[in-house]
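Here are my notes on the model you sent over. Have the structure open while you read, and go point by point.

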Amino acid sequence: MNALILIGGKSSRMGTDKGLLNYHGKPQREYLFDLAKKYCSEVYFSCRAEQQFSERSIIDTYTLGPMGGILSAFDFNPNSAWLVAACDMPLIDENSFQTLINHRIKEKVATAFLNPETNAPDPLFTIYEPKAFQLLTKYVETGNKSPKVFLQKNDTEIIKLSNLDFLKNVNTKEEFERIKSNVFSI
């Protein structure tokens, strides 16, 4: 299983690259990379061509948001499962990685947490199995691009937990300041 850190967003609401925000003493993309290295064979960054900064980058050639990053990863290695983690989820930690991996069912298309805010599987911290690639491709060919809806319509292992704070997305400067002061203050 490989890991894919999604850093390809334009961060328009944040006004600065969310992958470079510092929550843990280093840029978020590096924090997630270091965390994923503990659990996955290889770790890559999904980014737009102009964001490429590392030989570990997979360029999103689809430009479909997160769906494009996931498809580009499967183009790069269709035989690997991909653990996808978005850089705008600063509360992801070792425990959340371990929980996701422990609940993985390889025979399913994917393994995802049920996000209580959307009452749907969260597609941005999910393991996509190799069998998902062909299904994702067909899904996109029919004009769809929502990975959340893809997970809802396919054989996804759903993890239900009482505390899923680590799924919190931080997309604005106000959210960044609030989470920095409430969660990461010393």
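1. Before anything else, a word on naming: helices and strands here are DSSP runs, at least four residues (H or I) for a helix and at least two (E) for a strand, numbered from the N terminus. By that count, Glu-129 sits in the loop between strand 6 and helix 4. Keep in mind that this is a predicted model.

2. Overall layout: the protein has 6 helices and 7 strands, and from the N terminus the order reads β-α-β-β-α-β-α-β-β-α-α-β-α. The radius of gyration is 15 Å, which agrees with the value near 16 Å for a compact globule of 186 residues. Along the principal axes, the C-alpha atoms fill a box of roughly 45 × 40 × 30 Å.

3. On burial and contacts, 50% of the 186 residues are buried. Of the contacts with a separation of 6 or more, 69% are between residues 24 or more positions apart. The exposed surface comes to about 9,100 Å², with carbon and sulfur atoms supplying 47% of it.

4. Have a look at strand 5 (residues 110-115). It is largely enclosed by the rest of the structure, since 5 of its 6 residues are buried. Strand 5 pairs with strand 6 in the antiparallel sense over 5 bridges, with Asn-115 bridged to Ala-120 of strand 6. The two strands form a hairpin with 4 residues in between, and Asn-119 in that turn has a positive phi of about 50 degrees.

5. Strand 5 also runs parallel to strand 7 (residues 156-159), joined to it by 4 bridges. There, Phe-113 has Ile-159 of strand 7 as its bridge partner.

6. Back to Glu-129: is this residue buried or exposed? Its relative accessible area is 2%, so Glu-129 counts as buried. Leaving out residues up to four places away in sequence, Glu-129 touches Phe-74, Ala-81, Arg-104, Ile-105, Lys-106, Lys-108, Val-109 and Ala-110.

7. Next comes helix 4 (residues 132-141), whose buried residues are Ala-132, Phe-133, Leu-136, Tyr-139 and Val-140. Why do they lie on the same side of helix 4? Because they cover an arc of only 125 degrees around the axis. Gln-134 and Glu-141 are exposed on the other side.

8. What do the buried residues of helix 4 pack against? Their partners are helix 2 (66-76), strand 6 (120-128) and helix 5 (147-153). Just after helix 4, Gly-143 takes a positive phi of about 95 degrees.

Note on methods: Residues are numbered from 1 along each chain as its sequence is written. This is a predicted model: local features need pLDDT of at least 70, side-chain atom pairs count only at pLDDT 80 or more; totals for chains, interfaces and linings use all residues. Side-chain values use heavy atoms; hydrogens and water are left out. Buried means under 20% relative accessible area, exposed over 50%, partly exposed in between (1.4 Å probe, protein chains only). The arc is that of the directions from the helix axis to the C-beta atoms. Contact means heavy atoms within 4.5 Å. Two strands pair if DSSP finds at least two bridges between them. The radius of gyration is taken over C-alpha atoms; the globule rule is 2.2 Å times the number of residues to the power 0.38. Accessible areas come from the Shrake-Rupley method with a 1.4 Å probe; for residues, only the protein chains shown count as cover.
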